[in-house]
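The following exercises concern burial and strand pairing in a predicted model. Each task is followed by a worked solution.

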2 protein chains.
Amino acid sequence: MSSPAASSVLRVALLGGGTVGAAVARRLLQHADRYADQLGRRPELTGVAVRDTTRARDGIPPALLTTDAAALVGDPATDVVVEVMGGLEPAGSLVETALRRGAQVVTANKQLVARRGEELHAIAREHGAGLHYEAAVMAAVPVLAVVRESMAGDEITALRGIVNGSTNYVLDLVAREGVPFADAVRQAGELGYLEADPTEDLEGVDAAAKVAILARTAWGTSVPLDAVETQGISGLTDADFAAAAGRGEVLKLVAEARRGGDGRVHARVAPTALPATDPLAQARGGTNVVEIDAVLAGTVRLVGAGAGGDETASAVLGDVVRAARPR
Amino acid sequence: MSSPAASSVLRVALLGGGTVGAAVARRLLQHADRYADQLGRRPELTGVAVRDTTRARDGIPPALLTTDAAALVGDPATDVVVEVMGGLEPAGSLVETALRRGAQVVTANKQLVARRGEELHAIAREHGAGLHYEAAVMAAVPVLAVVRESMAGDEITALRGIVNGSTNYVLDLVAREGVPFADAVRQAGELGYLEADPTEDLEGVDAAAKVAILARTAWGTSVPLDAVETQGISGLTDADFAAAAGRGEVLKLVAEARRGGDGRVHARVAPTALPATDPLAQARGGTNVVEIDAVLAGTVRLVGAGAGGDETASAVLGDVVRAARPR
């Protein structure tokens, strides 16, 4: 890592070979020259840790597949560890190990970052490592960088948005196509729009993790997940949709956070009836939207796809570039 | 600048005491503690260069006003020079002087950056200085940072947006309120929505400068201002608006840039009839919108106020924070 010869290569280990992992791997392999030009270091994929090495993964040479994630992470030659396996364990232990040996870690794991973000940041600081997770919130929409860096000279007062694409897909289907709520949920599941455990989406747990990360990024204060008032969409009925439509309103799962006059942060996720003219009400399908209110800037709005393999890979690769730049 | 004692202060010189300058000064003076906490260095306003020191400026102590911009810029103790005076000269010479002595420069001057950006970047590199201009495009909407940093791992293919709030105000007034075009232009002028020289807005010169900066930031290639195909709104007639409305379309001044298969960048500004459902068509009043298309990310959209003293100050102060952080 420190010898001049080695520094011309950027060794990247990938944990997870699902849709996001495969998209990251393909891009790194097929566009290595481009990244080399940009970074002055040529990315080299050292391995992709998966559960099943016999399954073919589009664009990943089988020789790179391994079940030994710990070996990849522990390899002192690995510069950047990209964690896109999801779940709290073993992802958490692997990320921690990488940070403890001073590596740059890029993760898309919102539950891990929401639950252990501060602890992991402290470990990263202690060991001169780096922790990057733009992909954990709103996929390719770079809301964390905007909040953390671009608006650092201003004072953010509130954040509100639609940060879970799966539930928005369901709500949009009911509101626009008149599909009964239960059918819309089933349809979203069949299309793969819901997480493996659909309660993460439907009960607002995914949105709560994202708003907790957003709020901590905006205000630098700890926002534990259980301090986010969380209500999902599973309790909604067709009558609720009909009533909202009758008032010219649209039901959306809104995530919001606000810093009160006392400096305390209040965060919540709840189904909310919005006037049809509200920019959040206009989010179609899997679209995510966030509005950032600041004292000087007024309202800045960011919109884009909130999920998807390529979209999440875009943010992961942005963080890989960030991690590879000299600090 | 290099002694440990001095490094605990961040000396900021301000060139220009208009709406943006006054907003920056007020914020730096009133929130010095906040910036000190954030940066580990307390900002100190060393002076505000203006043409007329006898005019009162809201929130700026008269003792800070000076007509001697060159002295402020040349002072080796000044860490950050903020240029918000506008115009090519003397702004250009002052920025160049500051860069040549290795200072950090923050500017909101789109014409200067569009015309001399590459030359000034080269001077900055040569002298270990810094050049920051997020405020030059879309005020507080941090489109340059998003394009340059957040999407650096992706591949941007096209940009399109409404980047001039004044003409959008005029066009919106005609389209929504039915105000005759000539009256709408007059009204915008009376409300101070047009630049001192209104042809900058009306002839698309302002939008062309912004799209040139955007394109260079996205693709790293030189985009001279005269290579931007530019058509303003001054040639529009009430009949054009009526015809567009009859087709269910909305006339907007659209700025766009695209990288062709040959790697060449094509940029243009032109009045364009958009379907009413296009997100650009929905921009009200002085709102700015930009859509960034990238291979992995799809389309990411940023929306916010495109002008205004506080809004521009938000971006300037973000750059001051960026400039003050250790590199």
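**Exercise 1.** Determine which residues of helix 6 of chain A are buried, and identify the elements against which they pack.

*Solution.* Step 1: apply the burial criterion, under which a residue is buried if 20 or more other C-beta atoms lie within 10 Å of its own. In helix 6 of chain A, this yields A:Val143, A:Leu144, A:Ala145, A:Val146, A:Val147, A:Glu149 and A:Ser150.
Step 2: relate this list to the helix, which spans residues 143-150; seven of its eight residues are buried, and helix 6 of chain A is thus mostly covered.
Step 3: list the packing partners of these buried residues. Within chain A they are strand 7 (156-162), helix 10 (205-219), strand 11 (287-294) and strand 12 (298-305). From chain B, helix 6 (143-150) and helix 12 (309-324) also take part.

**Exercise 2.** Establish the strand order of the open sheet of 12 strands and locate its edge strands.

*Solution.* Step 1: the order reads 8(A)-10(A)-9(A)-7(A)-11(A)-12(A)-12(B)-11(B)-7(B)-9(B)-10(B)-8(B), and the pairing is mixed.
Step 2: the edges are strand 8 (229-230) of chain A and strand 8 (229-230) of chain B, each pairing on one side only.
Step 3: examine one pair. Strands 7 and 11 of chain A run antiparallel and are joined by six bridges; A:Arg160 has A:Glu291 of strand 11 as its bridge partner.

**Exercise 3.** Describe the burial and pairing of strand 1 of chain A.

*Solution.* Step 1: strand 1 of chain A (residues 9-15) has six of its seven residues buried.
Step 2: seven bridges link strand 1 of chain A in parallel to strand 2 (residues 42-49) of chain A, where A:Val48 is the bridge partner of A:Leu14.
Step 3: four bridges, also parallel, connect strand 1 of chain A with strand 4 (residues 80-83) of chain A; there A:Ala13 is partnered by A:Val81.

Methods. Residues numbered from 1 in each chain as written. Chains lettered and ligands numbered in written order. Predicted model: local features only at pLDDT ≥ 70, side-chain atom pairs only at ≥ 80, totals over all residues. Buried ≥ 20, exposed ≤ 12 C-beta atoms within 10 Å, placed from the backbone. Helix = DSSP H or I, 4+ residues; strand = E, 2+ residues; numbered from the N terminus. Contact = placed C-beta atoms within 7 Å. Pairing = 2+ DSSP bridges.
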